[in-house]
Amino acid sequence: MDEHLVRLEASLWVGKKRFWAVLTGWHLNWTELDKKNRSKMTVSIPVSEVVSVEEGRVHVSPRRSISEDADREFTVFYVKRTSSRSSGGFLWSLGRTQFSCPSRGLRDQWVTQLRLALKTHSPSRPHRLLVFINPFGGKKQGRDIYQSLVAPLFELAGISCHVVVTERGNQARDHILKKDLTGFDGVICVGGDGMFSELLHGVIGRTQQEAGLSEHDPTLTLQSCDLHIGIIPAGSTDCVCFATMGVNDPVTSALHIIIGDSQPLDVCSVHYRSSLVRYAVSLVGYGFYGDVLAESEKHRWMGPLRYDYSGAMVYLSNRSYAGIVQYLPADPQLSNPRDNTRCLSGCSVCSKSTERLFPHSPNASSLYSSHFSQFGSDSEGKWVSVEGRFRAVSLTCMSSSCPRSPLGLSPSAHLADGTADLIIVRDTHPLGFLTFLHRHTTTQDQFDLPFVEVHRVKAVRFSLPPGAEDDEDEEAVKDGVLAEEDEAPIQSGSKQHLAGVTSYRRQKKKALCGLCCSKAPSVSVWNCDGELLPHTEILCRVHCQLVRLYARGIEDGLAPTSGICRERQGTCRGRCVLHN
Ligand SMILES: CCCCCCCCCCCCC/C=C/[C@@H](O)[C@H](CO)NC(=O)CCCCCCCCCCCCCCC
Ligand SMILES: Nc1ncnc2c1ncn2[C@@H]1O[C@H](COP(=O)(O)OP(=O)(O)OP(=O)(O)O)[C@@H](O)[C@H]1O
Ligand SMILES: [Ca+2]
């Protein structure tokens, strides 16, 4: 234990019950004592999960002291867990316990030592945050969610926030790219995956600008970003939030932000010719998911339901597309997408990647550079090619679990291992494809079907069969449609702009609608984390742990919440009750 932190032990009261309270530095425990001083139940709170320590009896909202004996009392606010049935993760809520001490002196000692322990053991907590609220995301409740559920918690934790309620798409991204961010520890979005994507582009772009790196070269190792991103879910899918927390709950997210959790995340960069088009974390999808997104954009007014409606419409249109998918496989010895594991908090596969990325020894450093030197070097002949007609081609850097699909697109994918899972669904009969889709909603293996293959990869290329190449873009550039894209790919990309490009391309192919016209389109469109891409022949490369979220991955809901080491694979470094 640190020398300036002392171990505190005392008999304190909580309501009418007497407890033996112990502060060790890493943990605050209190054990109920019966009349004969025998121990009953113990509650144990890691200091890193204490939200705030206040003098007196305090209520959080409205914030007020309600105590008559305020000078002998203190209140501890902390993280409380409840199992979530939908994901096996945990819903977090604010726990509150009011302690009474025999004297004011003892109370002051407890408050001082608890606050000191907090400072010492939670050095990465944010003090100042930049918050972007999309008032129109999801069910349009972003502003209310922030004001009623999140702001009071940030205030309690002493976090000061600069809040921007957005007035247009891409405002948050542009703000992060251009404005002075001095003093901010992190950026927060209140919205859905689209808002997260804005922050992702802002934070990555800003970091590369400052490092003097070009984002366009897919072989370049980008600078990982220090500014953390927090997600308060208020969107339609909230996939990134769900896949990194196990739930989509604003209070859970706010508490992860407050305690300064840090979860690295792989990011896929998508390139067209020599330009970066976009970044993605949850889905780069061609065929079904691209068509669903294109269709859903016409029905935004339906809110979150637009995806189910469009999904059904696109399913009924029964389309498949010809193409060539090439991929660079990841090291099969590290993990594979069908190993039936789940990436959980403290995941050992991801920890090994962290070791490779931030090596402690010169040997590990050369291992890392050789890991990436493989990328882009065609001479090594490691690219594998798959040609055919596909219902869907999907690439995901993580499981992409969401309320619609609690285990996600690829249940064994890892958040931070430097790889993505490539899921290729070949053309099949409608019932087969429905079975594939339906298995996303159950625990049945969606990859155990003869027309589905899945590969763990570091990079993917997609091209159209000879004769059907992606050549409209050149003509579009001549017409000025894409000139802006090429000059500043991530500066453009508004939904209207991209939808315009897509419809331009589709008209050129004379492959009209497909839902209401008899002729099915021969080319689909890419869905890149919920945005339509203006190009078909793209190259994707996975960047290991490029950004960090205020999250910790999915906690194992099956493990007991106290009394055992909850941090898996021995990564607790002595913080848990067992190892303390
Ligand atoms: C029979 C039930 C089948 C249910 C199948 C559920 C599969 C769900 C898989 C979800 C994967 C989400 C990946 C994340 C993507 C996000 O970056 C992105 C931005 O938010 N969201 C979407 O693009 C939004 C994509 C939303 C896709 C929804 C697809 C819904 C399909 C419904 C099919 C119904 C067939 C009915 C037949 C009569
Ligand atoms: N004030 C605004 N007016 C219009 N569009 C906005 C505004 N603020 C943000 N946007 C854009 O709205 C899009 C959708 O927002 P968001 O992701 O919050 O909700 P969603 O689409 O309902 O959820 P999901 O992305 O999870 O499906 C984003 O791409 C974002 O760029
Ligand atoms: Ca990954």
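This note covers the surroundings of two ligands and one annotated stretch of a predicted model.

1. Start with the annotated stretch. An unreviewed UniProt entry carries the annotation "domain: DAGKc", which covers residues 124-274. In the model, residues 124-274 are 38% helix and 23% strand. The C-alpha atoms at the two ends of this stretch lie 38 Å apart.

2. Which residues come nearest to ligand 1? Of the 26 residues around ligand 1, they are Asp193, Thr237, Ser282, Gly311 and Gly530. Three elements give two or more residues to this shell: α7 (288-297), α8 (306-317) and α11 (430-439). Helix α8 contributes the most, with five residues.

3. The shell around ligand 1 is also described by domain. At least three of its residues come from domain 2 (124-261), and at least three from domain 3 (267-360 + 390-483 + 492-543). By class, the shell around ligand 1 holds 11 nonpolar, 11 polar and four charged residues.

4. Ligand 2 has 21 residues around it, and those that come nearest are Gly137, Gly191, Gly192, Gly194 and Gly235. Which element supplies the largest share of the shell around ligand 2? Helix α4 (residues 193-211) does, with four residues.

5. How do the residues around ligand 2 divide by class? There are three nonpolar, 13 polar and five charged residues in that shell. For the reader comparing the two sites, the shell around ligand 1 has 11 nonpolar residues, while the shell around ligand 2 has three.

Methods:
Residues are numbered from 1 along each chain as its sequence is written. Chains are lettered from A and ligands numbered from 1 in the order in which they are written. This is a predicted model: local features need pLDDT of at least 70, side-chain atom pairs count only at pLDDT 80 or more; totals for chains, interfaces and linings use all residues. A residue is near a molecule or strand if its C-beta atom, placed from the backbone, lies within 6 Å of it. Ala, Val, Leu, Ile, Met, Phe, Trp, Tyr, Cys and Pro count as nonpolar, Asp, Glu, Lys and Arg as charged, and the others, Gly among them, as polar. UniProt positions are given in the numbering used here, feature names are shortened, and annotations may be inferred rather than shown by experiment. Domain bounds come from an automatic or database domain assignment.
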